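Biologist: I am new to this structure and would like to go through it slowly, beginning with how its parts touch. Could you show it to me before we start?

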Amino acid sequence: MTVQKVALTLGPVFFHWSPARLADFYRRIGDEAPIDRVHVGEVVCGKRMPFSDPAWPDIIERLERAGKEVVISTLAAPATVRERRSVDDLSTDERLIEINDITALPSRAGRPFVTGPFLNVYNEAAAQFLIDRGARSICPPVELSLAAIGHMAQACQEADFEVFAFGRLPLAISGRCYHARHHGLHKDSCQFTCEKDPDGLAVDTLDDQEFLAINGVQTLSNQVQAFLPVPGELTACGVRRLRLSPQTADMVEVARTYRALLDGREDPQSARFLLSCLELPGVMVDGYAYGKPGWEATTSAPGWTQLRQERT
Amino acid sequence: MRSKRIELVCPAGTPATLRAAVQAGADAVYCGFRDETNARNFPGLNFSTEEMAEGVRFAHAHGSKVLVAINTFGRVGSVDLWRKAADAAVGCGADAIIAADIAVLDHVARNHKQIRLHLSVQAAAATPESIGFYAETFGVRRVVLPRVLTIHEVATLNRAIHVETEAFVFGGLCVMTEGRCYLSSYATGKSPNLHGVCSPPEMVSYEEDIDGTVARLSGFTIDQYSPGAPVGYPTLCKGRFKAGDKTSYLFEDPVSLNAGSMIAGLSAAGVTALKIEGRQRGKGYVTEVVRTFRRAVDAVEQGSDTIEIDRILAGQSEGGRQTTGAYRKSWR
């Protein structure tokens, strides 16, 4: 068996960033970030698409010229005719697309795609079903542990399994817009207040504990997932990709840190320190990876082998 | 136009509530096995295989159907537990299996072509493309609609699909798209998709002092109550939080769904069945709610006016606050 290098994927931007911000962001990613695959496109809210849609062709061209593999992400909860049409249109793209709702599957089945964390792939049977229809990479829901993802990866070796490693965790999607509700508005006349919060709006408990963040119809964790595996932990369980989810913090530095970690140039402790020097929107957590509540931070996480022994 | 009568689908958390629901006029009851394969995996609830078979016999003898919910997502390495639950439901003579996981749907479609498959709300299928996929791939006959659609969208959707739809009318209300919410596991480690529980009771604590009561979930404060005020259950998405400079019930007020006033509208929108949430509820509650909705549905079908329907439903507010949820556009 050849030992594969674990690849880095940049997930789609969840937040309502302006076209100029998106262009600047992806220019730096293309020029400077040691990232293999880059997702583009709107996944959270179809109402934002008229703003960002015109920006994508140039962004994609530039990323591809920089040697990145570009994946077109599709909406997590398409509902309107226009949203459904957009999913359908994107499904015909020659590039890989990311399916985040079953809506995209009928028009894409038979051609290669990846599945994002909004699609419920919880076990090897569901994964194999999707692989048989064209899934090449699977990024399972964030609540699944590394042990569970590893089990799927070993049962379904044709696909790359990808762990959501960095960024605020996407925890829920709704028909209701919480930014609109927060500002006394309704979704249908929302005034795009979500654009004021490029990392999401922090949601604290009544006694000021940091807890969640809202981003339009999406709810995220306030805390930042920072899954920093020990060397060999990923290859031992067959995980081939880590996903970094864009925040306003310096994602080039985040990517460099993860690349250094995966290449054995930094250990998890020093990688955690390097990340803590960036302006992260919340404290670092990694509980989900180890089968614990997502908000927990395991400072000395047990390795994969030990986890596997505990489970069997 | 529709000609069949509206089907009233009622919760049965235990054999006793199954009998109560059937006797109160349920056209169908839904229930689950006593394990993590169903989305109401609470202590003291649900059915053994023998109880399920007995429940089916009782329901059938009284002209009601039994729909078995196997609607969590199979755990890696243990999907056979979910497949065996489906086999057991068929063996018990159930009228339909309600499932969300592709692994479960695929197993039933391949091995039990004779049983009806209903797509659980946990699959959150809300578009013609998505519903079409489940119908064509697995032979799904009915889709339980996610609680995010307006009544107008339900009508539009029904015109675009070729399977039955079932819509929630009463009980607990998820404000997040069902099956796409990990808030509970983020706070507690237990989730609807994986464990069949949301905001589980063993993670709840109440702390009382002179300022009143604080309700916490896994240590996170979900709400506070002044001294003497009625204390609610800390369901995560119905909590009070701070965002920006505001403190509010950011996601949803502590309300439950009551779309009783919309029975006629949902029927006109092409909905085949109306669903009452509440498998965790007791016999008395189920009897009362089912009896009331039976009368309301019958009155709607006999063409009674809204005043009469409202009068029938008037007793169902329980003092708690209610909403018609996403069925009205302004909810969004």
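Modeller: Contact here means heavy atoms within 4.5 Å, and what we are looking at is a predicted model.

Biologist: With that meaning of contact, how many residues of chain A are in contact with chain B, and how many residues of chain B are on the other side?
Modeller: Taking heavy atoms within 4.5 Å as the test, residues are counted on either side of the interface. The count for chain B is 63 residues, and the count for chain A is 65 residues.

Biologist: Which residues of chain A lose the most area to chain B?
Modeller: The two chains bury about 5400 Å² between them, with 59% of it on carbon and sulfur atoms. Three residues of chain A lead in lost area and together make up 14% of what that side buries; they are A:Arg176, A:Leu206 and A:Phe211.

Biologist: How many salt bridges does the rule find across the interface of chain A and chain B?
Modeller: The rule asks for a side-chain nitrogen of Lys or Arg within 4 Å of a carboxyl oxygen of Asp or Glu. A:Asp207 and B:Arg216 satisfy it, as their side chains meet at 3.6 Å, N to O. Across this interface the rule finds seven salt bridges.

Biologist: How many residue pairs are in polar contact across that interface, and what classes of residue make up the side of chain A?
Modeller: For polar contacts, with both residues at pLDDT 80 or more, the number is 39 residue pairs. Elements that each supply at least two residues to the side of chain A include α7 (146-155), β7 (160-173) and β10 (218-226). By class, that side has 14 charged, 16 polar and 35 nonpolar residues.

Biologist: Which residue of chain B stands opposite A:Asp204?
Modeller: Strand β8 of chain A pairs with strand β11 of chain B, residues 241-243, in the antiparallel sense over two bridges. Within β11(B), the residue opposite A:Asp204 is B:Lys242.

Biologist: Turning to chain B by itself, how many salt bridges are counted between domain 1 and domain 2?
Modeller: Chain B is divided into domain 1 (7-173 + 255-328) and domain 2 (182-249), whose C-alpha centres lie 27 Å apart. Eleven residues of domain 1 are in contact with seven of domain 2, and the two domains bury about 770 Å² between them, 50% of it on carbon and sulfur atoms. Although five residue pairs are in polar contact there, both at pLDDT 80 or more, the count of salt bridges is zero.

Biologist: How many residues apart are A:Arg256 and A:Glu32, which form a salt bridge?
Modeller: The closest N and O atoms of this pair are 3.7 Å apart. A:Arg256 lies in helix α10 (residues 251-262) and A:Glu32 in helix α1 (residues 19-32), so that the pair links distant parts of the chain, and the separation is 224 residues.

How values were computed. Residues are numbered from 1 along each chain as its sequence is written. Chains are lettered from A and ligands numbered from 1 in the order in which they are written. This is a predicted model: local features need pLDDT of at least 70, side-chain atom pairs count only at pLDDT 80 or more; totals for chains, interfaces and linings use all residues. Side-chain values use heavy atoms; hydrogens and water are left out. Buried area is the accessible area (1.4 Å probe) that two parts lose on being put together, summed over both. A polar contact is a pair of N or O atoms within 3.5 Å; within protein, one must be able to donate a hydrogen and the other to accept it, and residues adjacent in sequence count only if both atoms are side-chain atoms. Helices (H or I, at least four residues) and strands (E, at least two) are DSSP runs, numbered from the N terminus. Ala, Val, Leu, Ile, Met, Phe, Trp, Tyr, Cys and Pro count as nonpolar, Asp, Glu, Lys and Arg as charged, and the others, Gly among them, as polar. Two strands pair if DSSP finds at least two bridges between them. Domain bounds come from an automatic or database domain assignment.
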